[in-house]
Every structure is written in C-alpha cells, then in structure tokens.
Amino acid sequence: MKTFKFSGFTLVEMAVVLVIMALLLGGLLSPLTAQMDQKNYTEVKRALESAKEALMGYGLSNKHLPCPDKTAGANNGINDRPNDGVEDFSAAGNCITQEGNLPWATLSLAERDPWEQRFIYRVTAAYSQRAPLFTFGLATNGNLRVCNAALCAVPRLTDVAVAVIVSKGKNAGSCSTAPSPPACADERANDDGNNDFVSHTPTVTGSANGEYDDVVVWLSSNILINRMVTAGQLP
Ligand SMILES: [Ca+2]
Ligand SMILES: [Ca+2]
Ligand SMILES: [Ca+2]
C-alpha cells in the first residue's frame, strides 16, 4: 500500500497564495475606496452649498457678511480668538483678517469637511465691515476672483465674488505646501491669502498645474444684492 506524506507548503507555493490573496483584496478594496471618495465629495458639496445659504441668511439678517475666524494669533476675547469658529472683528468694525476659517460656530455649521479639515473662508472687506463703519450698498461689487487656473486669466468664473469657501479635498492640502512645488499651483492659489481662487475638476499629479482636488463655492455680489433687495433690506 502506498503511503502519502504531508510535507507542508513550499516557499514558492506560499508566495503564489499570497500574491493571489493580494490581488483579490486589491480588487475588492479599490471599488470600496472609490465609493468612499464619491460619498465624501457628495457630502462636501452639500456642506458647501449649506454654508453658502447660511452666509446669505446671515447677510439678510445682519446687513453684512460674517468675518472669518482667525487661524493664528493671541486670544484677545470672544471676537478676537483663533480657531474657535466665532467670527473675529475689531471695535472699529473691521475684520481681524479677511481670510481664515469659515466661522462655523457663528453660522451653526459643521466645523470640518469629511477629511477632518476646517473650511477656508475669504470675504470682501466692504461686505464684512459693520457699525460704526458703513455697510455695502447696491453699487458695491465683490472683489474676489475665481479662475480656471492659478494664472487667473480671462475668461474667469467670477470677478465679483464677495465670499469664497474652500474644502482642500481628499489630499487635505498636502499638495499646497513645500516640498510639493512646482506641481501644485492651482491648489496653492486656494490658501495663499489673496483675492484669487481656482476651481476646476480634479486633476492628478503630473498635470500642467499639478494635483488638484479642492472643492470651491462662492457667493457673487449680484446674487446677494438681489436677495437683499427682494427681502427689502436694500437699498
Ligand atoms: Ca474666532
Ligand atoms: Ca486639495
Ligand atoms: Ca488665492
């Protein structure tokens, strides 16, 4: 009678099994990741639209827009304190800064996007100043521009935004800081503290202006003024 002797798996057999398992797992995980990304982007777009509505609501009841919540600096009290979600302004009626966190507590919104980052918010000074300063009127235009690329050439998406809100997307801003340049011009445009922003569909590393996965919404002065006139708040 013939006897069989079990001698275990050889290294080669183990390697083959591991490769097969890795392929199977990879095949299962990549659709899951894609699904998760899609869910997060749907969620962040909804959050940004709500934020825009909240800005308009705040504008209608206060006749000016909220100031950003500053991201650094000393704690000087309730309306001059960093990273607490409350808008920061001076007794003179100016914002402490025109770009910072979306003031989530002032607006009763979520603090962070699906990737655990706070939203960036910039507002036109003429629209965020309040008493004792004059607030804006029918002829006051926004001065924020949203463009297709960092160069901000015409045609632009808008020249007259009064407020811009940015989510840094899945890369959570990792493309915006050194040592990533020169690959990230469009992402950098969205957190460099000036009046120009970039909005376009996502691009990958190696594209002309580099990786881009930010989500940007803006409020134009035309829309805000129209709403305020309709509500009897202007002129
Ligand atoms: Ca604050
Ligand atoms: Ca990004
Ligand atoms: Ca900018």
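Which residue just after α5 takes a positive phi? I looked at the end of the helix and found G232, with a phi of about 80°. I note at the outset that this is a predicted model.

**Entry: overall layout**

I listed the secondary structure and got 5 helices and 6 strands in the chain. Read along the sequence, they follow the pattern α-β-α-β-α-β-β-α-β-β-α. I then checked the radius of gyration, which is 24 Å; the globule rule gives 18 Å for 235 residues, so the chain is more spread out than a compact globule. The C-alpha trace spans about 105 × 40 × 35 Å along its principal axes. I also looked up burial and contact range. Buried residues account for 33% of the 235 in the chain. Of the contacts between residues at least 6 apart in sequence, 62% join residues at least 24 apart.

**Entry: α1**

I took α1 (11-62) next. This helix has 52 residues and reaches 73 Å from its first C-alpha to its last, close to the 76 Å expected at 1.5 Å a residue. I searched α1 for buried positions and found V44, A47, L48, A51, L55 and G59. Their cover includes α2 (104-107), β4, β6 and α5. After α1 comes K63, and I read a positive phi there, near 60°.

**Entry: α5**

Which residues of α5 are buried? I found S221, L224 and I225. They sit on the same side of α5, because they cover an arc of only 95° around the axis. On the other side of the helix I found N226 and T230 exposed. I then looked for what the buried residues of α5 pack against, and the list is α1, β4 and β6. α1 and α5 thus appear in each other's lists: α5 is in the cover of the buried residues of α1, and α1 packs against those of α5.

**Entry: strand pairing around β2**

I followed the bridges of β2 (120-123). Strand β1 (residues 99-101) runs antiparallel to β2, and 3 bridges join them. In this pair, N101 has I120 as its bridge partner. β2 also pairs with β4, again antiparallel, over 4 bridges. There, Y121 has I165 as its bridge partner. I checked both faces of β2 and found them covered: I120 and R122 are buried on one side, Y121 and V123 on the other. As background, side chains in a regular strand alternate between the two faces of the sheet.

**Entry: largest nonpolar core**

I counted 38 residues in the largest nonpolar core, where A161, V162, A163, V164, I165 and W218 touch the most other members. The elements that give two or more residues to this core are α1, β2, β3 (144-147), β4 (158-167), β5 (196-198), β6 (215-220) and α5 (221-230). Which element gives the most to this core? I found that β4 does, with 7 residues. For general context, nonpolar side chains in soluble globular proteins tend to be buried together.

I picked V162 for a contact list, leaving out residues up to four places away in sequence. V162 touches L65, V123, T124, Y127, G142, L144, L219, S220, S221 and L224. Two of these names, S221 and L224, are among the buried residues of α5 that I had noted above. V123 is one of the buried residues of β2.

Notes. Residues are numbered from 1 along each chain as its sequence is written. Chains are lettered from A and ligands numbered from 1 in the order in which they are written. This is a predicted model: local features need pLDDT of at least 70, side-chain atom pairs count only at pLDDT 80 or more; totals for chains, interfaces and linings use all residues. A nonpolar core is a set of buried Ala, Val, Leu, Ile, Met, Phe, Trp, Tyr and Cys residues joined through C-beta atoms within 7 Å. A residue is buried if 20 or more other C-beta atoms lie within 10 Å of its own, exposed if 12 or fewer, and partly exposed in between; C-beta atoms are placed from the backbone. Two residues are in contact if their C-beta atoms, placed from the backbone, lie within 7 Å. Two strands pair if DSSP finds at least two bridges between them. The arc is that of the directions from the helix axis to the C-beta atoms. The radius of gyration is taken over C-alpha atoms; the globule rule is 2.2 Å times the number of residues to the power 0.38. The expected span of a helix is 1.5 Å times one less than its number of residues.
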